[in-house]
Amino acid sequence: MTNNALSKTEPGLNRRIIEEISESKNEPLWMKDIRMKSLEYFLNRPNPNFGVDISALDLNSIVNYVKPGAQNERSWEDVPEDIRENFEKLGIPQAEREALAGVGAQYDSEMVYHNMKESLKKLGVIFLEMGTAVREYPDLVKKYFMHLIPPNDHKFAALHGAVWSGGTFIYVPPNVNVPMPIQSYYLMGSPGMGQFEHTLIVVDKGSKLEFIEGCSGQNYSVSNLHAGAVEIYVEEGATVKFSTIENWAKNTYNLNTKRASVDKDGTIIWISGTMGSAKTMLYPSSILKGKGARAEYTTITYAGPGQHLDTGTKVFHFAPYTSSKVDSRSISFGGGYAFYRGLVRVSESAIHSKSSVDCSALMVDNVSKSDTLPIIEVMNNQSEIGHEAYVGKINEDQIYYLMSRGLTEDDAKALIVRGFLDPFIKQLPFEYAVEFNRIIDMHFNSKIG
Amino acid sequence: MELIKIIDLHASIGEKEVIKGVNLTVNRNEIHAIMGPNGAGKTTLINVIMGNPKYRVTSGEILFEGKSILNLSVDERARLGIFQSFQYPEEISGVTFMNFLRLAYEKMHPDQKMSVLEFGDMMVKIADSLKMDHNFLKRYVNLGFSGGERKKSEILQLSALNPKIALLDETDSGLDIDALKIVSEGINNASKNGMAVVLVTHYKRILDYVKPKFVHIFIDGRIVKTGGIELAEELERNGYEEVRI
């Protein structure tokens, strides 16, 4: 991968750098104000007092904006070949032709490709690179941007608000069923940089959308930082399925924030796979604010050598008859550390709500670690809450059984791990499922294919 | 042809000796029944032949087709053609029976290339012969199987993987008479191509269907007596104490 950066900011963060970013994007004043306010919050906020150890992350050495040597194009032909190749290796242009309604592809700090099928445009669906949306639909964006994740939420939300760049904006008008998924893919190609894409999805009444997010990066000896933000507004009766396969390089700090608000009878479905990065803190949250709103989670965290992945789910039941269902699984192997942090809060007014949380952790060997910390707070006595947790080592008898059928020990472990992760894998688009199985095989020296 | 030859085998779990000098030779095509009281070490003997790492061989020898297998891992022994059926087979969540079996088949028979469809056809035929619902193949391995389904699942694997010797651990226990007949027929079919069988059982019942050439009485870690089917009959009449000497 060659360095395509034509321009980038100097390392660290100050008002001048923020002005530079804002001006290069021709932003309206209100957005620049958000950035400036965020900067203040960032400078005044302490690091989180839980989760992973980020003392080795030197924010003064992170380059917060790196412009790729490419414009945002609507045809892959126009994307420079060296950048395009990276996305072709990931199979993205092919998947777009076969099974996607739209694709965004970000390299470093900017989208290099963003396009949607004509049929969807005719239905009034808006799918734009986030910065473009700020310029072209300022009123719509302003109504939602960083309302669910306010810049003063925590230190890395503030950092995001100050330096965000790229990402995707989607608006689906009422009663539109987007027939195929839309996908955005984020690649980090430069050493020592931070990526801060912003995803804002608004799905209006009675509509349906499936969105897929993929991330990966080039591994470097210096630290990279990812602090994206995802805000999803599910309006009355709408359904959003948001799937993520995160496979950042192992030098990356992934301190990411995702939140959805769900109105009456709406549904948010989170499919989330965290496997890359050195350290991750990620807790997709669902705010069930309308009567009958629902949240479903199928998440896996896959922590290998040198990784500390602190992930979880948060559900806030604020209205009656809301429901949530969480299936969260983690694998730790080769000294990896997986931590599940869950919260279900059922407010006093959220009567007749239902929640079931199932979190399980599988440790493949004696050097790996796993913890679960599920917190459930129920403020009324007319709700049904269920919780199951399992933390355990891989079962020797299972390995023996599989080996007695001719599988090597490595194959047996890989197969058990795959089986454990099956509820997640079968939710994935085919090419991701294949890729995921390939990665498991690789980690366990297995050749089960 | 001598398939497996066990010579003065001793094995322990922890510090405790559980196999105390077993001698047994099984030729191709032969069916051997091993009968004995609970806790005598019959299941342990099967585990030791298969190489279960819970047990440690302290002395003696196990030859398979003339070569020692004591230094081989469990999967290497399996790939030589040794098959163990389990009384309580493990559940593997998230892995379908079909995928698991296809994988196992590829490991056991790397030279035989079968397409997914061909393999599927073969499995359906075997499932039919065992009067098993085809949906069974789509279910997760042994997950939530009834006692009878587990036994059938083990015999289905045996039929599919086509080993040289089957070590069957109480395959008959907990089966009603119809299921017993079906399972026995499965074993007999599998042994048509020369497969040898070592069948551990408590009851003579299955030996009416799977006919052994030899019956061995196994007590306290050793074979104490060997004979033909008449030995099983004697056992049924008189119990283990009488046949001891």
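How does the radius of gyration of chain A sit with that of a compact globule? For 449 residues, such a globule would come out near 22 Å, and chain A has 21 Å, which agrees. These values, like the rest below, belong to a predicted model. Along the principal axes, the C-alpha atoms of chain A fit a box of roughly 65 × 55 × 45 Å. Chain A is built with 12 helices and 25 strands, and 62% of its 449 residues count as buried. Looking at contacts in chain A with a separation of 6 or more, 82% come from residues 24 or more positions apart.

One helix of chain A gives a handy picture of what being buried looks like. Helix H8 of chain A covers residues 155–163, and 9 of its 9 residues are buried, so this helix is largely enclosed by the rest of the structure. The run starts with A:Lys155, A:Phe156 and A:Ala157, goes on through A:Ala158, A:Leu159 and A:His160, and ends with A:Gly161, A:Ala162 and A:Val163. What lies over these buried residues? The cover includes two helices of chain A, H1 (15–24) and H2 (29–44). Strands of chain A are also part of it, including E9 (198–203), E11 (224–226), E12 (229–234) and E14 (252–255).

Now for the place where chain A meets chain B. The contact draws on 19 residues from chain A and 33 residues from chain B. The size of an interface is often given as the accessible area lost when the parts come together. Between chain B and chain A, the buried area is about 2,100 Å², with carbon and sulfur atoms giving 61% of that.

Charged partners show up here too: the two chains share 3 salt bridges. One of these salt bridges joins the side chains of B:Glu154 and A:Arg405, at 2.8 Å from N to O. Polar contacts link 14 residue pairs between chain B and chain A, counting pairs with both residues at pLDDT 80 or more.

Which parts of chain B make up the side that touches chain A? At least two residues each come from helices H1 (42–50), H2 (74–80), H3 (97–108) and H5 (147–161) of chain B, and likewise from strands E6 (82–85), E7 (92–96) and E8 (140–141) of chain B. H3(B) gives the most to this side, with 5 residues. Sorted by character, the residues on the side of chain B that touches chain A split into 17 nonpolar, 9 polar and 7 charged.

Terms used:
Residues are numbered from 1 along each chain as its sequence is written. Chains are lettered from A and ligands numbered from 1 in the order in which they are written. This is a predicted model: local features need pLDDT of at least 70, side-chain atom pairs count only at pLDDT 80 or more; totals for chains, interfaces and linings use all residues. Side-chain values use heavy atoms; hydrogens and water are left out. Contact means heavy atoms within 4.5 Å. Buried area is the accessible area (1.4 Å probe) that two parts lose on being put together, summed over both. A salt bridge is a side-chain nitrogen of Lys or Arg within 4 Å of a carboxyl oxygen of Asp or Glu. A polar contact is a pair of N or O atoms within 3.5 Å; within protein, one must be able to donate a hydrogen and the other to accept it, and residues adjacent in sequence count only if both atoms are side-chain atoms. Helices (H or I, at least four residues) and strands (E, at least two) are DSSP runs, numbered from the N terminus. Ala, Val, Leu, Ile, Met, Phe, Trp, Tyr, Cys and Pro count as nonpolar, Asp, Glu, Lys and Arg as charged, and the others, Gly among them, as polar. Buried means under 20% relative accessible area, exposed over 50%, partly exposed in between (1.4 Å probe, protein chains only). The radius of gyration is taken over C-alpha atoms; the globule rule is 2.2 Å times the number of residues to the power 0.38.
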